[in-house]
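Okay, thanks for coming, everyone. I've got one structure to walk you through today, so let me put it up on the screen.

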Amino acid sequence: MKMRRLSALLCGLLTLAAVLTGCGGREKSGTLRVGVRDDIMNFGYLNKETGRYYGMEIDLANKLAEKLGYEEVEFVTVQPDNRKEMLQEGKVDCLVAAYSIADTRKENFDFSPPYYTDETVIMAERSALFHSADDLKDQTVGIVSGSNAGPLLAQKLYDLGIITDKVVSNTDTATVYEGAGVVKAAKYSDLDTALETGAVDAVCMDKCIAGTYMNENREFLDVVVAEQQYGVATRKDSDLSGPVADAVQKMLDDGTVERLIDKWD
């Protein structure tokens with residue numbers, strides 16, 4: 001009789017645990033603070049009138065929090081020039097912010113498996129009559145400060161023989177190489193304005209971001225600067241790194257990521 005009562009009690013406790021516990025075996029509680037972009041249409045975009053974020057990465061962050069067992073998600077806007085510090089200082093728990101996986105970044109952060117692959121491209125006004133990277137000789141290309149586009153662009157221009165390894169000058173706002181110059185803007189909207197006004201001759205950014213600023217008067221040059229893979233970044237060796245990597249892999253395996261990409265493509 002006592003054994004039956006004990007068995008019933010254990011069964012009840014297991015049932016209660018199943019109700020309280022989310023995916024991954026952790027009790028649902030707390031808030032996951034996710035660093036996201038607010039200026040990339042269909043990826044991470046903030047509607048300032050409603051205060052709501054939209055896009056593939058926003059949906060991905062919500063799914064991630066659900067799988068990790070969090071009750072709520074707090075979205076925190078990050079930019080290329082501050083997202084590293086935001087994560088290092090613990091102002092966000094992770095980044096789902098078009099943050100490409102790179103060896104230099106792996107020194108400071110852990111990354112999930114890549115959930116999106118993109119290309120870094122060069123965009124120009126059609127009126128400039130640029131058609132290939134060769135046309136960038138002695139021209140000025142704009143990038144966003146803190147983005148991975150800067151070193152990737154420099155390497156590509158060097159490989160193509162457009163610039164040499166000589167740096168004429170380097171400041172927080174511009175780097176002038178022998179053969180071409182690179183202007184650093186604070187935001188992509190600033191880069192968009194610089195291209196429209198002629199302050200720069202072309203701009204370099206990931207294609208998913210360029211899509212936000214593409215119009216009938218612009219075109220992509222026939223060169224791919226580099227391939228970029230986006231991953232969810234967490235602090236190095238943090239307790240969150242393993243569960244995040246596992247959750248993203250599961251969403252890749254079960255088709256969740258592919259469905260989100262298709263939804264927002």
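I'll start with the whole chain, then go through a sheet, three helices, and a few single residues.

A bit of housekeeping first. This is a predicted model, so local features are taken only at pLDDT of at least 70 and side-chain atom pairs only at pLDDT 80 or more, while totals for chains, interfaces and linings use all residues. Residues are numbered from 1 along each chain as its sequence is written, and side-chain values use heavy atoms, with hydrogens and water left out.

So, the overall picture. The protein chain has nine helices and 15 strands; those are DSSP runs, H or I of at least four residues for helices and E of at least two for strands, numbered from the N terminus. Of its 265 residues, 44% count as buried. When I say buried I mean under 20% relative accessible area, exposed is over 50%, and partly exposed is in between, with a 1.4 Å probe and protein chains only. The accessible surface comes to about 13700 Å², and carbon and sulfur atoms own 49% of that; the areas are Shrake-Rupley with a 1.4 Å probe, and for residues only the protein chains shown count as cover. Now contacts, meaning heavy atoms within 4.5 Å. Take those with a separation of 6 or more: 71% of them are between residues 24 or more positions apart.

On to the sheet. Five strands make an open, mixed sheet, in the order β5-β1-β6-β15-β7. β5, residues 72-77, and β7 are the edge strands, each pairing on one side only. Pairing here needs at least two bridges found by DSSP between the two strands. As a reminder, strands of a sheet pair through backbone hydrogen bonds, either parallel or antiparallel. β6, which is residues 94-95, runs antiparallel to β15 over two bridges, and Cys94 has Thr234 in β15 as its bridge partner.

While we're on Cys94: it's buried, because its relative accessibility is 0%. Cys208 counts as buried too, at 11% relative accessible area. How many disulfides does the structure hold? Zero, where a disulfide would be a pair of cysteine sulfur atoms within 2.5 Å.

Next, the helices, and α8 gets the most time. It spans residues 241-253, so 13 residues, and goes 18 Å from first C-alpha to last, close to the 18 Å expected at 1.5 Å a residue. That expected span is 1.5 Å times one less than the number of residues. Ser241, Val244, Ala247, Val248 and Met251 are buried in α8. Looking down the axis, those buried residues sit within an arc of 135 degrees, so they line one face of the helix; the arc is taken from the directions from the helix axis to the C-beta atoms. Lys250 and Asp253 are exposed on the other side of α8. And what do the buried residues of α8 pack against? That would be α2 (56-68), β7 (109-111), β15 (233-235) and α9 (256-264). Right after α8, Gly255 has a positive phi of about 90 degrees.

Then α9. Thr256, Val257 and Leu260 are its buried residues, and they cover an arc of only 100 degrees around the axis, which puts them on the same side of α9. Glu258, Arg259 and Asp262 are exposed on the other side. The buried residues of α9 pack against α2 and α8.

Helix number three on my list is α6, residues 188-197, with Tyr188, Leu191, Ala194 and Leu195 buried. Those fall within an arc of 110 degrees seen down the axis, so they line one face of α6. Glu196 and Thr197 are exposed on the other side, and Gly198 follows the helix with a positive phi near 85 degrees.

Two of those α6 residues come up again with Met205, in strand β13, residues 202-206. Met205 is buried, given its 2% relative accessibility. Leaving out residues up to four places away in sequence, Met205 touches Glu119, Thr120, Val121, Tyr188, Leu191, Ala210 and Tyr213. Also, Met205 and Ile143 are 62 residues apart in sequence, with 6.7 Å between their C-alphas.

Last bit: positive phi outside glycine. Ala98 has one, about 50 degrees, in the loop between β6 and α4 (103-106). Leu129 is at about 60 degrees, in the loop between β8 (116-125) and β9 (140-144). Buried or exposed, those two? Ala98 is buried, at 7% relative accessibility, whereas Leu129 is exposed, at 60%.

Okay, that's my tour.
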